[in-house]
Amino acid sequence: MEARRIQIFDTTLRDGEQTPGVSLQTEEKVEIALALAKLQVDVIEAGFPVASPGDFEAVSQIAARVKGPTIAALARATEKDIETAYKAVKRADKPRIHTFIATSDIHLKHKLQMTRAELLERAEKAVRYAKSLVADVEFSAEDASRSDWDFLCQVYERAIAAGANVINIPDTVGYTTPVEFGALITYVREHVPNINEAVISVHCHDDLGMAVANSLAAVAAGAGQVECTINGLGERAGNAAMEELVMALQTRREYYHAVATINTRQIYRTSRLVSALTGIAVPPNKAVVGDNAFAHESGIHQHGVLNNPLTYEIMSPESVGVSRNAIVLGKHSGRHAFEERLKYLGYEFDVDTINTLFAKFKDLADRKKMVFDRDIEALIVEKSAVRPEWYTLTYHHVASGNNILATASVQLRTSAGVAEAAGCGTGPVDAVFKAVEQAVGFPVGLKDYQLKAVTSGEDALGEATAWIERDGRIFSGRGLAIDVIEASAKAYVNAINKMLAVCGFPAIEEAKGGNHHG
Ligand SMILES: CC(=O)SCCNC(=O)CCNC(=O)[C@H](O)C(C)(C)COP(=O)(O)OP(=O)(O)OC[C@H]1O[C@@H](n2cnc3c(N)ncnc32)[C@H](O)[C@@H]1OP(=O)(O)O
Ligand SMILES: CC(C)C(=O)C(=O)O
């Protein structure tokens with residue numbers, strides 16, 4: 001049987017950004033969109049343009065700059081939303097408007113305050129208007145899995161008649177089960193008379209941990225598009241994880257008879273990029289992209305894998321871009337070897353970027369005996385995460401112990417000169433954060449902080465993430481260094497830089513002036 005082609009619709013930048021605590025800036029979104037294009041996803045849902053001027057700007061930039069995939073924008077079933085979505089995506093080579101409205105009785109009664117008849121009219125009108133603006137229109141019946149199946153079929157029939165090319169069946173609250181959802185897809189296929197004029201899509205949430213299983217059941221029942229996010233990010237418990245869906249389709253191709261044309265070797269690095277830019281860590285036991293996904297701990301397993309990886313590996317680490325090789329380069333490695341390694345890892349950079357990365361690599365190799373592929377990847381992601389740089393950490397000193405108050409001093413470079421300050425804290429990290437706060441001269445509002453090692457060993461790189469809050473928004477920053485205090489300070493400064501890029505410098509009365517001098 002010939003494999004059916006399944007379209008991968010990535011919504012990391014829309015539903016993924018609805019993950020509590022995640023807030024991406026335009027340049028970060030463009031960087032993720034470029035990575036998704038390299039991954040060869042079919043559709044990128046770039047945002048919900050009416051939600052904010054920042055969302056509008058990000059969707060417009062992605063539409064103009066990211067080539068290859070279709071670029072979709074979300075809109076409620078209102079003229080204003082649809083028009084705004086159109087204005088944001090119109091520069092894309094392949095623009096799509098994705099309009100939605102809820103169809104379950106719970107949502108009709110308690111949220112929309114509409115009758116079913118009114119909803120049918122509204123859905124049809126929205127699709128018709130979107131179709132007057134672009135050729136490619138997707139219609140979603142929000143909360144489809146809790147809607148009356150016959151009513152749902154009527155809504156889809158009207159949406160397709162009005163011009164929808166794709167009809168999406170969301171399990172908005174992660175309520176369905178694989179058998180039930182498969183049956184719903186079959187029901188829609190059998191009871192919507194014009195269903196052959198549209199692609200059936202599904203969009204599953206993970207509230208009961210079944211988002212991927214439900215999506216796969218839908219594929220088995222005939223869905224032609226799956227909506228998903230990198231690392232399973234998304235509202236509440238998240239969406240179906242793209243890496244899991246794609247690798248399930250690839251690994252069990254003989255079962256699903258379906259294929260997604262994703263460049264799977266880009267999966268791991270895309271996952272790390274999204275994790276670094278969103279500040280949401282990937283759990284070690286996460287399928288496909290977690291640190292342990294290809295680690296074999298027990299003797300019997302190691303013995304089997306040494307004889308033949310097929311004994312305990314259903315997919316190879318290389319197939320998702322995870323390198324099997326251990327030591328890569330060291331302080332005596334030259335630029336050619338470094339460039340070769342970047343190529344092997346699938347990166348293509350211009351000369352300036354290679355020069356910057358090589359300098360960072362040499363600096364790291366000076367302090368670290370062995371540089372692993374994961375170290376190099378961490379350096380690459382760090383390069384992404386530091387824009388825009390208002391402050392750069394140039395110096396830090398910390399004194400701490402079990403019977404003394406921890407004290408720290410820092411120096412930050414700015415375009416206006418340098419800012420220096422000292423601070424005390426309950427421990428060395430707290431002290432260095434207080435010193436940074438003194439140096440910038442305004443209260444920062446630390447919400448959370450995390451530290452982990454990139455690889456193992458006494459000279460492993462430390463990767464710190466700091467979350468700060470301002471004006472109700474959360475900004476995450478990332479820092480990388482062998483010295484964990486330096487990594488922490490860099491993460492804090494990175495979060496401050498991101499906050500400043502969005503909120504601007506705090507008002508004079510709030511800022512205590514800082515300790516800047518030229
Ligand atoms: C299932 C999903 O993930 S849907 C996407 C969710 N994403 C977001 O909500 C993005 C962030 N949201 C926002 O920025 C804001 O909610 C906005 C800009 C979209 C709307 O803001 P506001 O106008 O202040 O409305 P608010 O969010 O309070 O309420 C939503 C309104 O939209 C209506 N609405 C909700 N869904 C739809 C829809 N699909 N079509 C038409 N109207 C809708 C609600 O009934 C409510 O209407 P009302 O103001 O007449 O009572
Ligand atoms: C807008 C729709 C597709 C959605 O996000 C949901 O129903 O979860």
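How many nonpolar, polar and charged residues does the shell around ligand 2 have? In the predicted model examined here, that shell has two nonpolar, five polar and two charged residues. The residues surrounding ligand 2 are Asp15, Phe100, Ser140, Glu142, Asn168, Pro170, Thr172, His203 and His205. Two elements, strand 6 (136-142) and strand 7 (166-171), each give two or more residues to this shell.

Confidence in the prediction was considered next. The protein chain has a mean pLDDT of 91, and 95% of its residues reach 70 or more. For the model as a whole, the scores are ipTM 0.98 and pTM 0.85. Where pLDDT is low, predicted coordinates should not be read in detail.

The surroundings of ligand 1 were described in the same terms. Around ligand 1 there are 15 residues, of which Phe48, Ala51, Arg76, Ala77 and Ile101 come nearest. By class, the shell of ligand 1 comprises seven nonpolar, three polar and five charged residues. At least two residues of this shell come from strand 5 (95-102), and at least two from helix 4 (105-112).

With regard to annotation, an unreviewed UniProt entry lists residues 6-268 under "domain: Pyruvate carboxyltransferase". Within the model, the chain over residues 6-268 is 44% helix and 19% strand. The C-alpha atoms at the two ends of this stretch are 21 Å apart.

A further part of the chain contains an open sheet. Three strands make up this sheet, in the order 16-17-18, and their pairing is antiparallel. Strand 16 (446-453) and strand 18 (473-481) occupy the edges; each has a single partner strand, so one side of each is left without a neighbour in the sheet. From one strand to the next, the twist averages 15°. The antiparallel pairing between strand 16 and strand 17 (residues 462-470) extends over seven bridges. As regards individual residues, Asp448 has Trp467, in strand 17, as its bridge partner.

The sheet is accompanied by a helix. Helix 17, formed by residues 484-503, lies across strand 16, strand 17 and strand 18. Relative to strand 18, helix 17 runs at about 145°.

Notes: Residues are numbered from 1 along each chain as its sequence is written. Chains are lettered from A and ligands numbered from 1 in the order in which they are written. This is a predicted model: local features need pLDDT of at least 70, side-chain atom pairs count only at pLDDT 80 or more; totals for chains, interfaces and linings use all residues. pLDDT is the predictor's confidence in each residue, from 0 to 100. A residue is near a molecule or strand if its C-beta atom, placed from the backbone, lies within 6 Å of it. Helices (H or I, at least four residues) and strands (E, at least two) are DSSP runs, numbered from the N terminus. Ala, Val, Leu, Ile, Met, Phe, Trp, Tyr, Cys and Pro count as nonpolar, Asp, Glu, Lys and Arg as charged, and the others, Gly among them, as polar. Two strands pair if DSSP finds at least two bridges between them. Axes are lines fitted to C-alpha atoms, for helices over the stretch in contact, and angles run from 0 to 180 degrees between N-to-C directions. Two residues are in contact if their C-beta atoms, placed from the backbone, lie within 7 Å. UniProt positions are given in the numbering used here, feature names are shortened, and annotations may be inferred rather than shown by experiment.
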